[in-house]
Amino acid sequence: MFMVAGKTFGQSKTINLWDKKVPGAIANADYKETNSDDSWMQRVTNPRLDVYPAPAEKATGTAVIICPGGGYSGMAIGHEGKQVAQWLNSLGITAFVLKYRLPDAAIMTDKSVGPMQDGQRAIRLVRSRAKEWGIDPKKIGIMGFSAGGHLASTLSTHFNAKVYESADATSARPDFSLLIYPVISMREEITHMGSRINLLGEKPSTEQVNNFSNELQVNSETPTAFLVHSMNDDAVPVENSIEYALALKKNKIPCELHIYEKGGHGYGLGKSGSTESDWSLACGRWLKAKGLIN
């Protein structure tokens, strides 16, 4: 358990995203959720949020919804979910770990939008219940690691996309995004091919590739971003973060990009003791500069 200043931070409850039938869902009795040692989750059919409230004496009113990575084939809910939520709690941020449906034609009519449906719903749910959790509805961010970073950047660029029928007019736009070694692009030359195949299939159309290459979808309404990547990332090329940052710059959207010499991929909050392990300190300073934490 992550501990700061004598306080222990932990999950308080889990909330299902959908009150009724999950949009676009296909019933499949043989499709069973798995969770290995509370660290690697697959085959989610009931998308939900694990809630980690900020301690009352530290709460800033800021919230972050976390999308763990895993190549759109699983979710690293330990070091890219629970541990990150506890770190955010230490900053006075209420955190939500999003356990989203992974794209799979066995359980959804259009696997390319399944994760986005869950992500949009998560943002709307947190914003609509902001008062209940002591959250400022204008300080709700999205955070993603690896393929979770693709989902987070998709939600940052496709928040107006109508991917499910809803009477809820609450905005699905995140107010800021934290993208850690993210998959951003579906373009063959820089994408993580496993994530692309899992989301779009073996032979996606050019239109699909461009639509889900989020560096091509940035506009003046895209939220500000903090990005982290390593030069020697041999899973997700560093160009993903660079291209997204340049697109934000072109659209005059403030952003901060940290590129580390080493670190590889999938290091979560950092474990090597090398420079990439300090990204969380830089992120904390960025959040403070943005007025999101004290």
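Helices and strands here are DSSP runs, numbered from the N terminus, with at least four residues for a helix and at least two for a strand. The model to which these labels apply is a predicted one.

With that labelling in hand, Ala 54 can be placed in the loop between β6 (48–52) and β7 (63–67). Because buried means under 20% relative accessible area, Ala 54, with a value of 13%, counts as buried. Leaving out residues up to four places away in sequence, Ala 54 touches Ala 59, Asn 89, Gly 92, Ile 93 and Thr 94. For Asn 89, which lies 35 residues from Ala 54 along the chain, the separation of the two C-alpha atoms is 4.8 Å.

Beyond β7 the chain enters the loop that leads to α1 (78–90), and Gly 69 lies in this loop. Gly 69 has a relative accessibility of 2% and is counted as buried. Its contacts, apart from neighbours within four places in sequence, include Trp 40, Gly 74, Met 75, Ala 76, Glu 80 and Tyr 100, and they also take in Phe 145, Ser 146, Ala 147 and Gly 148. Ala 76 is placed in the loop between β7 and α1 as well, and at 7% relative accessibility Ala 76 counts as buried. When neighbours within four places are set aside, Ala 76 is in contact with Ser 39, Trp 40, Pro 68, Gly 69 and Gly 81. The C-alpha atoms of Ala 76 and Gly 266 are separated by 9.2 Å, with these positions 190 residues apart along the chain.

The contacts of Gly 69 lead on to Ser 146, which is found in the loop between β9 (140–145) and α4. Gly 69 and Ser 146 are 77 residues apart in sequence, yet from C-alpha to C-alpha they are 4.9 Å apart in space. Ser 146 is buried, with a relative accessible area of 9%. Its backbone deserves a look as well: most residues other than glycine have a negative phi. Phi of Ser 146, by contrast, is near 55°, a positive value in a residue other than glycine.

From Ser 146 the path continues to α4 and to its partner α2. Helix α2 (residues 114–128) and helix α4 (residues 147–157) pack at an angle of about 65°, and their axes are 10 Å apart. The crossing in which α2 passes α4 is right-handed. On the α2 side the contact is made by Pro 115, Met 116, Gly 119, Gln 120 and Ile 123, while α4 contributes Leu 151, Thr 154 and Leu 155. Sorted by class, this contact has five nonpolar and three polar residues, and no charged ones. Helix α2 is mostly covered, with 14 of its 15 residues buried. Its length can be checked too: at 1.5 Å a residue the 15 residues of α2 should span 21 Å, and this agrees with its end C-alpha atoms, which are 21 Å apart.

The same check can be made for helix α7 (residues 239–250), whose twelve residues should span 16 Å at 1.5 Å a residue, in agreement with end C-alpha atoms that are 16 Å apart. The buried residues in α7 are Asn 240, Ser 241, Tyr 244, Ala 245, Ala 247 and Leu 248. Seen down the axis of α7, these buried residues fall within an arc of 160°, so they line one face of the helix. They pack against α4, β10 (176–180), β11 (224–230) and β12 (255–260), whereas the face of α7 turned away from the buried side carries the exposed residues Lys 249 and Lys 250.

Past the end of α7, Lys 252 lies in the loop between α7 and β12. Lys 252 is exposed, with a relative accessible area of 75%, and its phi is near 60°, a positive value in a residue other than glycine. The chain then reaches strand β12, where Glu 256 has its place. At 29% relative accessibility, Glu 256 counts as partly exposed. Not counting residues up to four places away in sequence, Glu 256 touches Ala 225, Phe 226, Leu 227 and Trp 286. The C-alpha atoms of Glu 256 and Ala 152, which are 104 residues apart along the chain, are separated by 16 Å.

Note on methods. Residues numbered from 1 in each chain as written. Predicted model: local features only at pLDDT ≥ 70, side-chain atom pairs only at ≥ 80, totals over all residues. Heavy atoms only, no water. Axes fitted to C-alpha atoms, helices over the stretch in contact; angles between N-to-C directions. Left-handed = near helix turned anticlockwise from the far one by under 90°. Contact = heavy atoms within 4.5 Å. Nonpolar A, V, L, I, M, F, W, Y, C, P; charged D, E, K, R; others polar. Expected span 1.5 Å × (residues − 1). Buried < 20%, exposed > 50% of the residue type's maximum accessible area, 1.4 Å probe, protein only. Arc of directions from axis to C-beta.
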